[in-house]
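Here are some notes to read with the structure open beside you. Take the points in order, and try to find each place for yourself before reading on.

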Amino acid sequence: MKAATTFALLAALALPCAAQEDPSTTRPPDRPTMTESTLSPRDAALADIGAAIARGEQDKLAAAFTAGFDAGLTLDQAKEVVGQLYAYCGFPRALNAAATLMKAESQRVAETQGEEGGASRPGEPQRQAFTLGEKALEIGTANQTELCGGPVKGPLFDFHPQLDAYLKAHLFGDIFARDVLDWRTRELVTVAALAARPETEPQMKAHVGIANRNGVTPEQTDAIVARVRRPADPAALPKDWSPIPVGAFNAAYAQYFTGRSYLHPLTTSQVPAFGVTFEPGCRNNWHVHHAETGGGQILICTAGRGYYQEWGKPAVEMTPGVTVNIPAGVKHWHGAAPDSWFQHIALEVPGTGGRNEWLEPVDDAAYAEATSQNSSKNTPRQ
Ligand code: MN
């Protein structure tokens with residue numbers, strides 16, 4: 001039941017993207033890129049359209065519309081994608097996308113004039129009424145329930161009934177009731193748009209579930225996410241982000257991390273100290289620093305925001321200056337917040353018989369739970 005409630009909550013949280021663009025927080029794929037053949041040319045174009053609208057990238061969007069037309073997407077369907085994604089990405093991005101679509105269509109008409117089957121692609125007329133009026137809430141609630149596999153409710157909707165009503169009556173009513181696009185296509189572009197932005201990761205995961213209920217296979221959602229995401233680029237971090245360099249990709253320990261981390265050795269003599277930088281969402285596996293005497297680890301946050309968690313305890317939020325002392329033998333993990341880069345200095349506390357034991361990854365559910373708590377009130381171990 002708890003999982004279902006959480007799922008419903010996340011599903012309904014799929015609201016407009018945040019306004020600011022921050023390329024430094026874009027995450028790379030967690031999984032290897034799937035083969036392109038998993039997606040049809042039309043699906044691939046739709047994924048690219050959704051991502052480009054979400055990022056506000058007009059050149060890429062124009063190319064994606066053209067690829068979509070080539071794969072059989074009609075102008076009305078393309079318009080409908082833009083219309084739907086206003087609800088997930090905001091009016092400014094949707095209006096810019098509409099202008100790009102208008103240009104792409106004009107160009108296509110000009111280039112194909114005289115060709116058989118060329119010119120505009122009117123497609124099917126938009127049959128559904130623009131708004132459903134008084135029936136919107138009823139129809140939208142039914143659509144939302146069917147899409148998600150159960151009624152969507154939770155404390156957030158009780159707290160903000162206005163948003164709940166917009167979701168049900170407008171997004172799942174006025175928009176999803178229109179028959180220009182099937183629900184599979186609507187969910188496909190939604191997953192792509194949400195995957196393109198780091199701050200909408202929880203909503204993206206919820207919509208992967210909804211997409212899988214509505215005709216997009218898990219292999220296809222994997223392929224969409226892998227296609228749309230970009231490797232995070234630490235070079236995009238502000239120059240004054242930290243006095244400690246990000247360093248080189250931490251390839252040697254990558255097998256013990258989810259996401260990418262970077263290592264900058266500060267000193268290897270006396271007390272070995274390393275600057276470790278985590279991209280947003282990156283964390284190391286559960287692990288234990290073993291020692292016969294002494295040992296353990298000290299972490300000092302130097303930039304960004306992250307978390308430290310001991311097994312069975314709430315996570316501790318780490319911001320610059322926050323220090324945690326980790327005794328030998330304690331099972332724990334450390335890593336970035338979902339929406340922020342994170343850097344700490346890791347000090348190896350001197351001892352004898354020291355060795356690290358790497359355990360299971362911090363899975364997405366555990367990570368989401370740990371990082372969603374109001375953990376800043378937790379006191380770091382002194
Ligand atoms: Mn550690």
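1. What should the 13 residues of helix α3 span at 1.5 Å a residue, and how far apart are its end C-alpha atoms? Please keep in mind that you are looking at a predicted model. Helix α3 takes in residues 58-70. The expected span is 18 Å, and the end C-alpha atoms are 18 Å apart, so the two agree.

2. Let us stay with this helix and ask which of its residues are buried. They are Leu61, Ala64, Phe65 and Gly68. Looking down the axis of α3, you would find these buried residues within an arc of 105°, so they line one face of the helix. The general rule behind such a pattern is worth learning: an α-helix has 3.6 residues a turn, so residues three or four places apart point the same way. On the face of α3 turned away from the buried side you will find the exposed residues Asp59 and Asp70.

3. What do the buried residues of α3 pack against? Their partners are α2 (41-55), α4 (75-89) and α5 (91-112). Once you have followed α3 to its end, look just after it for glycine 72, which takes a positive phi of about 105°.

4. Now for one of those partners in more detail. Two packed helices are described by the angle between their axes and the distance between the axes. For α3 and α5, the axes come within 9 Å and cross at roughly 50°. That angle makes α3 oblique to α5, since an angle has to be under 35 degrees to count as roughly parallel, and 65 to 115 to count as roughly perpendicular. The crossing of α3 past α5 is right-handed. On the α3 side the contact is made by Gln58, Leu61, Ala62, Phe65, Thr66 and Phe69. On the α5 side, the residues involved are Asn96, Ala97, Thr100, Leu101, Lys103, Ala104 and Arg108. Notice that Leu61 and Phe65 are also among the buried residues of α3.

5. A second pair to look at is α2 with helix α11 (residues 218-228). At what angle do they pack? The angle is about 50°, and the axes are 10 Å apart. The two helices are therefore oblique to each other, and α2 passes α11 in a right-handed crossing. From α2 come Asp43, Ala44, Ala47 and Ala51, which meet Gln220, Ile224, Arg227 and Val228 of α11.

6. Threonine 38 also belongs in this part of the picture, in the loop between α1 (2-12) and α2. This threonine is partly exposed, with 18 other C-beta atoms within 10 Å. Which residues does threonine 38 contact, leaving aside neighbours within four places in sequence? They are Glu219, Gln220 and Ala223. Threonine 38 and isoleucine 224 are 186 residues apart in sequence, yet their C-alpha atoms are 9.1 Å apart in space.

7. Helix α6 (residues 136-148) is good practice for the length check you did in point 1. Its 13 residues should span 18 Å at 1.5 Å a residue, and its end C-alpha atoms are indeed 18 Å apart. The buried residues of α6 are Gly140, Gln144, Leu147 and Cys148. They cover an arc of only 80° around the axis, which puts them on the same side of α6. After α6 comes glycine 149, with a positive phi near 85°.

8. Is tyrosine 262 buried or exposed? This residue, found in strand β3, is buried, with 20 other C-beta atoms within 10 Å. Beyond four places in sequence, tyrosine 262 touches Pro234, Val246, Gly247, Ala248, Phe249, Asn250 and Thr277. Proline 234 is 28 residues away in sequence and 9.0 Å away in space, C-alpha to C-alpha.

9. Glutamine 270 sits in the loop between β3 (261-267) and β4 (273-278). It is exposed, with 7 other C-beta atoms within 10 Å. Its phi is near 55°, a positive value in a residue other than glycine.

10. Finally, step back to the whole protein. How many helices and strands does it have? There are 12 helices and 15 strands. Of its 382 residues, 39% count as buried. Among contacts between residues at least 6 apart in sequence, 76% join residues at least 24 apart.

Conventions:
Residues are numbered from 1 along each chain as its sequence is written. This is a predicted model: local features need pLDDT of at least 70, side-chain atom pairs count only at pLDDT 80 or more; totals for chains, interfaces and linings use all residues. Helices (H or I, at least four residues) and strands (E, at least two) are DSSP runs, numbered from the N terminus. The expected span of a helix is 1.5 Å times one less than its number of residues. A residue is buried if 20 or more other C-beta atoms lie within 10 Å of its own, exposed if 12 or fewer, and partly exposed in between; C-beta atoms are placed from the backbone. The arc is that of the directions from the helix axis to the C-beta atoms. Two residues are in contact if their C-beta atoms, placed from the backbone, lie within 7 Å. Axes are lines fitted to C-alpha atoms, for helices over the stretch in contact, and angles run from 0 to 180 degrees between N-to-C directions. Angles under 35 degrees count as roughly parallel, over 145 as roughly antiparallel, 65 to 115 as roughly perpendicular and the rest as oblique. A crossing is left-handed if the near helix is turned anticlockwise from the far one by less than a right angle, and right-handed if clockwise.
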